[in-house]
Amino acid sequence: MNSLSRQLQPLCRSFCRNLHVAPETTASALDLIRSQPSQYVVATIVGRKYVLAPRDVLTIPRLRDVKVGDVLALDEIHELGSREYTLRGNPSISPSKVKVEATVVEHTKGAMEFIFKKKRRKGYQKTKKHKQTYTRLRIGDIEIPLPSVQPVI
């Protein structure tokens with residue numbers, strides 16, 4: 001052992017004692033995450049994964065079959081976490097363990113996009129313009145319901 005590792009060894013022992021112990025079961029992990037002040041989820045919406053926190057506004061490609069004010073339940077949640085703990089699904093967490101809702105805020109259009117096509121030396125030039133349509137969602141609270149206790153008969 002060199003002198004530097006001898007000096008760092010007591011420091012590492014004290015640091016390693018302060019680390020959190022990993023929870024044994026999913027229920028205990030959910031309790032630990034529930035006790036934290038802020039949580040986040042990684043959810044799939046329209047085929048893409050997003051990291052979401054409560055009160056976030058998310059802009060996604062247009063959802064045609066929803067209206068402003070509709071509430072959507074996010075059922076494909078891959079990860080739930082807080083600052084200190086994370087629970088990952090395999091591939092997703094059951095909707096009975098975590099409930100996240102999103103409210104449709106508005107349907108909007110993006111900035112004007114210009115598509116310019118040209119063939120050199122032929123005099124061919126064409127410009128296309130369009131605006132992409134989007135839907136904005138406001139993410140609601142992340143609810144981690146308490147496990148229902150069955151009465152013993």
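What percentage of the 153 residues of the protein chain counts as buried? The figure is 24%. Keep in mind throughout that this is a predicted model.

**Figure 1. The whole chain is built from two helices and eight strands.** Starting at the N terminus, you meet the two helices and then the eight strands, in the pattern α-α-β-β-β-β-β-β-β-β. The accessible surface of the protein chain is about 11700 Å², and carbon and sulfur atoms contribute 52% of that surface. Now think about how the chain folds back on itself. If you take the contacts between residues at least 6 apart in sequence, 67% of them link residues at least 24 apart. One kind of feature is absent here: the number of aromatic pairs in the structure is zero.

**Figure 2. One open sheet has its strands in the order β2-β1-β5-β6.** Four strands take part, and their pairing is antiparallel. Which strands stand at the edges? They are β2 (48–52) and β6, and each has a single partner strand, so one side of each lacks a neighbour in the sheet. From one strand to the next, the twist averages 15°. Helix α2, residues 26–35, packs on this sheet and touches β5 and β6. The direction of helix α2 makes about 125° with the direction of β6.

**Figure 3. Strand β1 pairs with β2 and also with β5.** Strand β1 covers residues 40–45, and five bridges join β1 to β2 in an antiparallel arrangement. Between β1 and β5 there are four bridges, again in the antiparallel sense. Val41 is a good residue to look for in this view. In β2, the bridge partner of Val41 is Leu52, while in β5 the bridge partner of Val41 is Leu80.

**Figure 4. β5 and β6 make a hairpin.** Four residues lie between the two strands of this hairpin. The strands β5 and β6 run antiparallel and are joined by four bridges. Find Ile77 here, and opposite Ile77 you will see Ile93 in β6. Is β5 largely enclosed or left open by the rest of the structure? Five of the five residues of β5 are buried, so β5 is largely enclosed by the rest of the structure. For a residue of β6, look at Asn90, which has its place in that strand. Asn90 is exposed, with a relative accessible area of 76%. Along the chain, Asn90 and Glu79 are eleven residues apart, and their C-alpha atoms are separated by 9.2 Å.

**Figure 5. Ser82 sits in the loop between β5 (77–81) and β6 (86–93).** Is Ser82 buried or exposed? Ser82 has a relative accessible area of 6%, and because buried means under 20%, Ser82 counts as buried. Which residues is Ser82 in contact with, leaving aside its neighbours within four places in sequence? They are Ile33, Gln36, Ser38, Gln39 and Tyr40. Another serine, Ser35, makes a helpful companion in this view. Ser35 lies in helix α2 and is exposed, with a relative accessible area of 54%. Ser35 and Ser82 are 47 residues apart in sequence, and from C-alpha to C-alpha they are 9.4 Å apart in space.

**Figure 6. Another open sheet follows the order β3-β8-β7-β4.** This sheet has four strands with antiparallel pairing. Its edge strands are β3 (57–61) and β4 (71–74), and each of them pairs on one side only. On average, neighbouring strands of the sheet are turned by 45° against each other, with direction ignored. Let us zoom in on β4 and its partner. Strand β7 covers residues 99–119, runs antiparallel to β4, and is joined to β4 by four bridges. To see one bridge pair, start at Val71: the bridge partner of Val71 in β7 is Thr103.

**Figure 7. Lys119 lies over the face of Tyr124.** What is the distance of Lys119 from the ring centre of Tyr124? Lys119 is at 6.0 Å from that ring centre.

Notes
Residues numbered from 1 in each chain as written. Predicted model: local features only at pLDDT ≥ 70, side-chain atom pairs only at ≥ 80, totals over all residues. Heavy atoms only, no water. Buried < 20%, exposed > 50% of the residue type's maximum accessible area, 1.4 Å probe, protein only. Contact = heavy atoms within 4.5 Å. Areas by Shrake-Rupley, 256 points an atom, 1.4 Å probe, with all protein chains shown as cover. Pairing = 2+ DSSP bridges. Axes fitted to C-alpha atoms, helices over the stretch in contact; angles between N-to-C directions. Phe/Tyr/Trp six-rings, centres within 6.5 Å; stacked < 30°, edge-to-face > 60°. Lys NZ or Arg CZ within 6 Å of the ring centre and 35° of its normal.
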